[in-house]
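Trainee: I'd like to go through the labels people put on a model and see what backs each one. Can we take them one at a time?

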Amino acid sequence: MEIKHQDKIFCCQGCKTVYEILHENDLTYYYDIQNAPGISPKEIEGKYDFLENESIVNKLLEFNDGGTQVVSFLIPSIHCSSCIWILENLNKLFPDVKSSQVNFPEKTVRITMAGSEKSLKNLVILLSRIGYEPYISLEDSEKKEKKKDRSLIYKLGIAGFAFGNIMFLSLPEYFVEYDFWLDKFKPFFRWIMFAFSLPVVFYSASGYFISAYKGLRSRILNIDVPIAIGIVALFVRSTLDIVMDWSTGLFDSLAGLLFLLLLRKFFQQRTYSYLSFERDYKSYFPIAVTRLTKNENDVDTEEQIEVNDVKKGDRLLIRNNEILPVDAILMKGKALIDYSFVTGEAEPIVKKSGDRLFAGGKQQSGNIEVSVLKPVSQSYLTQLWSNDVFQKDYKSSFQSITDGISRRFTAVLLTIAVVATTVWLFIDSAKAFEVFSAILIVACPCAIALAAPFTHGNLLRIYGRAKLYLKEAPVLEKMAKVDTIVFDKTGTLTTNQKNVVTYEGVELTQYEKELLTGTLRASNHPLSRSLYTILSNSNIQMPEEFHETIGKGIEGKYKKHTIRVGSYDFVDAGKRKDENESPNRTEVHISTNENYRGCFVFINEYRTGIKEVFEELQPKETVVLSGDNDGERAYLEKILPSGTAMYFRQKPDDKLNFIKNLQAEGKTVMMIGDGLNDAGALKQSDVGIAVAENTNVFTPACDGIMEAYQFPKIASFLELATRGRKIIIWAFMFSLFYNIIGLSFAVTGNLKPVVAAILMPLSSISIVVFTTMMTTRAGKKLKLEKN
Amino acid sequence: MTIIYMLLAVSVLVAVIFFVAFIYSVKSGQYDDTYTPSVRMLFDDELVKEYTSKKINKTSKELSKQIK
């Protein structure tokens, strides 16, 4: 649907409204930057009333002195350069705003206002209206001290700075055998080099010493041990060289080595700043709820309070589309609760007054009133986060492929060093120290240390472009070892959209169809919306009268014709037939003029390519773990390979324990899920991947977030990780080859500073080139990268 | 040739000045967001028309009315 207005084409009515506002304020430059910008705003109904509560507002504000307020919002819909522009010109739309600054990678905007606390609500409403709705959740009420760790950049900067300067100073001595003037200035040059190397050794390299020390204390020979030995050997040997006036020292190699080593850390550190991999229920829950209290006249008054302040016995008002943050009993109203995100149940559940409601459900039909049973932190859902999995950091015990190799490498290296030194003690004892230090220096596993990070770094980028966002590099190594893959059903194997497969009953006439679509259009019920999108091609008759019975159905009247759409009871006015109604299907029944017509049957739409994904994943073990009922077991058994185990009605805890049991059997498990009910399983599994239709919305804590439409590529993703592992092993072979060359120089006592200065960077750089080329090739072969 | 001492001192000093400038720029957060400023720069090309303050007030009033 396109809307034309003043020679411009808009995707929706919302964009047109925005344009009109902007046009009036001469802000149309927005539309020159990018064609068809903007996102259609969603409806708002009293949603931000909680911003009238002063204590909540103060928790959101970063700074407030009465006259000036500073606030940061996460705005998931920021997606293009026009968004930056409009948000940074907010002051022209909203006079209270003094300035605003967008951080595009993090999708946040920081706004400085000169108003009162009250302006905040209006500001948020304005933002929502122009399509940039801020995401405010319970998480925002806990102010975290945002301290950015920039020490790596400092270390890298110092190492690079020292490397460049030392290189200049050491060059003359490399190329001139003897020169009168050079001989005169040599000591001066050398001591300046020494001075430059001090901050490199004592600041830039500090991380390696600490890590090596920690490794040794817990009796692990990690890769940082030989690196630390190499650094110390380089520094001590070079200092002795210049003190005793033996040679120029190896300060340039020292600084260059650290520069490269820190560079790889820097590459590895880069992640997706706008995605959060650590979210828990707090970023899903609202920050405030409406509490009802009776005043003296026994009349209910509404009051916005913080979710954390909700106590047992409070009465809360939950509006349409709000999330219930506590366990409660339904007092008033008809509840239709969508638990799909929390329990994996696909269908919204109808609850009657007096029924128990669990936290995390989303109310879908009108307002309800509930009485609180348990506060937020003790609800059935949030209890999951008190499980041990969320306390301990299981993943740190993982031994990487690099650490495995370095253990053997260090042992071999030390043996060679000791043997060679002993031999030299007999041949020429004066040279023994030189050989010993040369071996430690040249064998410093710089290239080995670089192989894995650069392979991983490039793989992460390939995955990122293929819309699988991984949290960190170690996930890749675990992915390569995965032998069991567990899938959630609702939201993972199925899409959130529903599709009608069949219509059962008397064929509807054209006129009835038109009336049906018209009636559906007026309703906001999710099933009505889905049905409407499927039928919308026909000519629409708007009903003259429309009535919606919440939780039951809708009724429309048009020129003496009546149509009823909804549950069987509602449509057929109680004349229930003896037909067996299957509890596992969702049906929408239709009657016109009190005559029953038939029903539309909804089933969950499975993602395309499920069958192929499961087949490609063989011979790995595949499991389907669902919180839903087993209504679709038969269908799944038909399409999935025969070895696939299926478990239904799994509670969040059951899922977690299921994964734990698999791991106890020695399996490496990958969990693919989407909702809060999978949060425990995702955390427990070796690799937890969250599937998201839209990466802007909530995803539970996990190791990686995958865009849902890439689901068919899961097998390729795993294959790429396996190939990445092979590439690393090849790169190790490659760097060992360099080490052998270097060692042959060192053992024979011929390692001149210039040889070290050439050999060490050469080996490192060729490893980087090799891994980058190989991973890109692997990505292309698996069709994850474009040619 | 003793001028070498002097020249070296000067060159090291210049290098140190740039280094300090780098540390300062990192510290002040200039590298925290490396994308947005590149876009923001382009907005300077916008042709700025003279705003009549009445006009702005009018629309912002309308907006705040709508909001209320």
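Mentor: Here is a run through salt bridges, burial, helices and one chain's surface.

Mentor: Ground rules: this is a predicted model, where local features need pLDDT of at least 70, side-chain atom pairs count only at pLDDT 80 or more, and totals for chains, interfaces and linings use all residues. Residues are numbered from 1 along each chain as its sequence is written, chains are lettered from A and ligands numbered from 1 in the order in which they are written, and side-chain values use heavy atoms, with hydrogens and water left out.

Trainee: What makes A:Asp327 and A:Arg356 a salt bridge?

Mentor: The rule asks for a side-chain nitrogen of Lys or Arg within 4 Å of a carboxyl oxygen of Asp or Glu. Here the closest N and O atoms are 3.9 Å apart, so the pair qualifies. A:Asp327 sits in strand S10 (residues 327–332) of chain A and A:Arg356 in strand S13 (residues 356–357) of chain A, so the bridge ties together parts 29 residues apart in sequence. Strands here are DSSP runs of E with at least two residues, helices are runs of H or I with at least four, and both are numbered from the N terminus.

Trainee: Why is A:Asp327 called buried?

Mentor: Buried means under 20% relative accessible area, exposed means over 50%, and partly exposed is in between (1.4 Å probe, protein chains only). A:Asp327 has 0% relative accessibility, so it counts as buried. Its partner A:Arg356 comes in at 37%, so that one is partly exposed.

Trainee: How do you know that A:Glu369 pairs with A:Lys332?

Mentor: Their closest N and O atoms are 3.4 Å apart, so the salt-bridge rule is met. This pair also links distant parts of the chain, with A:Glu369 in strand S15 (residues 368–374) of chain A and A:Lys332 in strand S10 of chain A, 37 residues apart. A:Glu369 has 8% relative accessibility, so it counts as buried.

Trainee: And what makes A:Arg723 and A:Glu719 a pair within one helix?

Mentor: Both lie in helix H22 (residues 714–747) of chain A, four residues apart, about one turn of the helix. An α-helix has 3.6 residues a turn, so residues three or four places apart point the same way. Their closest N and O atoms are 3.1 Å apart, which passes the salt-bridge test. At 26%, A:Arg723 is partly exposed, and A:Glu719 is too, at 31%.

Trainee: How many salt bridges does the rule give over all chains?

Mentor: The count comes to 18. A:Glu173, A:Arg190 and A:Asp245 are linked in a network of them.

Trainee: Why is A:Pro761 called partly exposed?

Mentor: Its relative accessible area is 28%, so it falls in the in-between class. A:Pro761 is in helix H23 (residues 753–781) of chain A. Its C-alpha is 7.3 Å from that of A:Gly256, a residue 505 places away along the chain.

Trainee: What is the span of helix H13 in chain A set against?

Mentor: The expected span is 1.5 Å times one less than the number of residues. H13 (residues 446–465) of chain A has 20 residues and reaches 29 Å from its first C-alpha to its last, close to the 28 Å expected. H13(A) is also mostly covered, with 18 of its 20 residues buried.

Trainee: What about chain B, how many helices and strands are there?

Mentor: Chain B has three helices and zero strands. Buried residues make up 21% of its 68 residues.
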